[in-house]
Amino acid sequence: MLGVLGLGAVGVAFGAKIQNGLDNVLAEVSAKDPTGLTQLLPGGGGFQFYNVADSIPHRSATDYRLTVDGLVDRPATYTLADLKAMQQTRLVKDVQCVTGWRVPNTEFSGVLLRDLLSMAGVQAQGTAVKFTCFDGVYSESLSLDEARRSDVLIAHEMNGAPVTSAHGGPVRLYVAPMYFYKSAKWLSGITVTSQVEPGYWEHYGYDVEAWVGRSNGRNDAPTSG
Ligand SMILES: Nc1nc2c(c(=O)[nH]1)N[C@H]1C(S)=C(S)[C@@H](COP(=O)(O)O)O[C@H]1N2
Ligand SMILES: [Mo]
């Protein structure tokens with residue numbers, strides 16, 4: 001699975017072909033499923049499924065924890081219920097993967113990252129934020145300015161339903177203005193750091209500053225927001 005779903009240097013050139021293969025498999029499975037349960041399978045609804053880990057990691061809604069630490073005055077750990085009790089923000093924007101596929105008008109809801117950061121109290125030396133995941137493999141990062149944008153969410157709902165395991169639930173990062181690889185799934189840690197630490201794909205040459213249409217040599221103008 002790792003090889004098939006990977007998005008390394010080779011994946012950039014051949015990603016579309018590989019993903020078409022995956023789509024065909026999923027379509028075939030769906031056709032044999034009159035219950036429609038395969039709608040819940042990874043890759044449904046126009047999304048492509050990405051996972052650099054060997055299997056989909058699971059955390060139940062009650063076991064889930066998100067820690068905020070690093071260069072902050074008040075490190076904290078949140079449950080899913082804690083996050084749901086906070087001020088909620090809903091964004092409806094296009095999801096754009098750097099390999100070319102797009103899902104227009106996708107809704108994500110959750111807590112603004114900047115609210116968690118202000119509750120933690122970022123210290124003067126803090127200039128960046130690092131994200132870690134309970135798959136134990138993936139990581140991402142943003143500058144503090146990017147992290148404080150009003151279109152960067154700690155999301156627990158997608159299209160009006162809980163974020164599924166395949167899509168990175170119970171909680172994933174959603175960085176709306178950037179290519180979807182910035183939106184770390186299975187989010188477990190937010191650490192304020194003194195410099196930007198390049199994330200998983202960025203070690204393979206992808207841009208740290210992954211603005212849609214302005215990075216990775218691409219020109220995908222968003223159709224909305
Ligand atoms: N933890 C983790 N987050 C991840 C990835 C991953 O492999 N692991 N892939 C990224 C990439 S390249 C994309 S396009 C999106 C895919 O999200 P989806 O599976 O919900 O479509 O998740 C991003 N976040
Ligand atoms: Mo991606």
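Which residue has a polar side-chain atom that lies 2.9 Å from a nitrogen atom of ligand 1? In this predicted model, the residue in question is D135, whose side chain supplies the polar atom at that distance from the ligand nitrogen. Taken alone, ligand 1 exposes 530 Å², of which the protein buries 99%.

The surroundings of the ligand can be read from the shell inwards. Ligand 1 is surrounded by 22 residues, and the closest of these are Q48, D135, H167, R172 and K185. By residue class, the shell around ligand 1 comprises 15 nonpolar, four polar and three charged residues. Besides the side chain of D135, with its 2.9 Å approach to a ligand nitrogen, the backbone also takes part: a backbone N or O atom of Q48 lies 2.6 Å from an oxygen atom of ligand 1, and a backbone N or O atom of Y50 lies 3.4 Å from an oxygen atom of ligand 1.

From Y50 the reader may turn to N51, which lies in the loop between α2 (9–31) and β1 (66–70). N51 has a relative accessible area of 5%, and therefore counts as buried, since the cut-off for that class is under 20%. The side chain of N51 has polar partners in the backbone: a polar atom of this side chain lies 2.9 Å from the backbone nitrogen of A53, while a polar atom of the N51 side chain also lies 3.1 Å from the backbone oxygen of S55. Both distances fall within the 3.5 Å that a polar contact requires.

Notes
Residues numbered from 1 in each chain as written. Chains lettered and ligands numbered in written order. Predicted model: local features only at pLDDT ≥ 70, side-chain atom pairs only at ≥ 80, totals over all residues. Heavy atoms only, no water. Near = heavy atom within 4 Å. Polar contact = N/O pair within 3.5 Å; in protein donor to acceptor, adjacent residues only side chain to side chain. Areas by Shrake-Rupley, 256 points an atom, 1.4 Å probe, with all protein chains shown as cover. Nonpolar A, V, L, I, M, F, W, Y, C, P; charged D, E, K, R; others polar. Helix = DSSP H or I, 4+ residues; strand = E, 2+ residues; numbered from the N terminus. Buried < 20%, exposed > 50% of the residue type's maximum accessible area, 1.4 Å probe, protein only.
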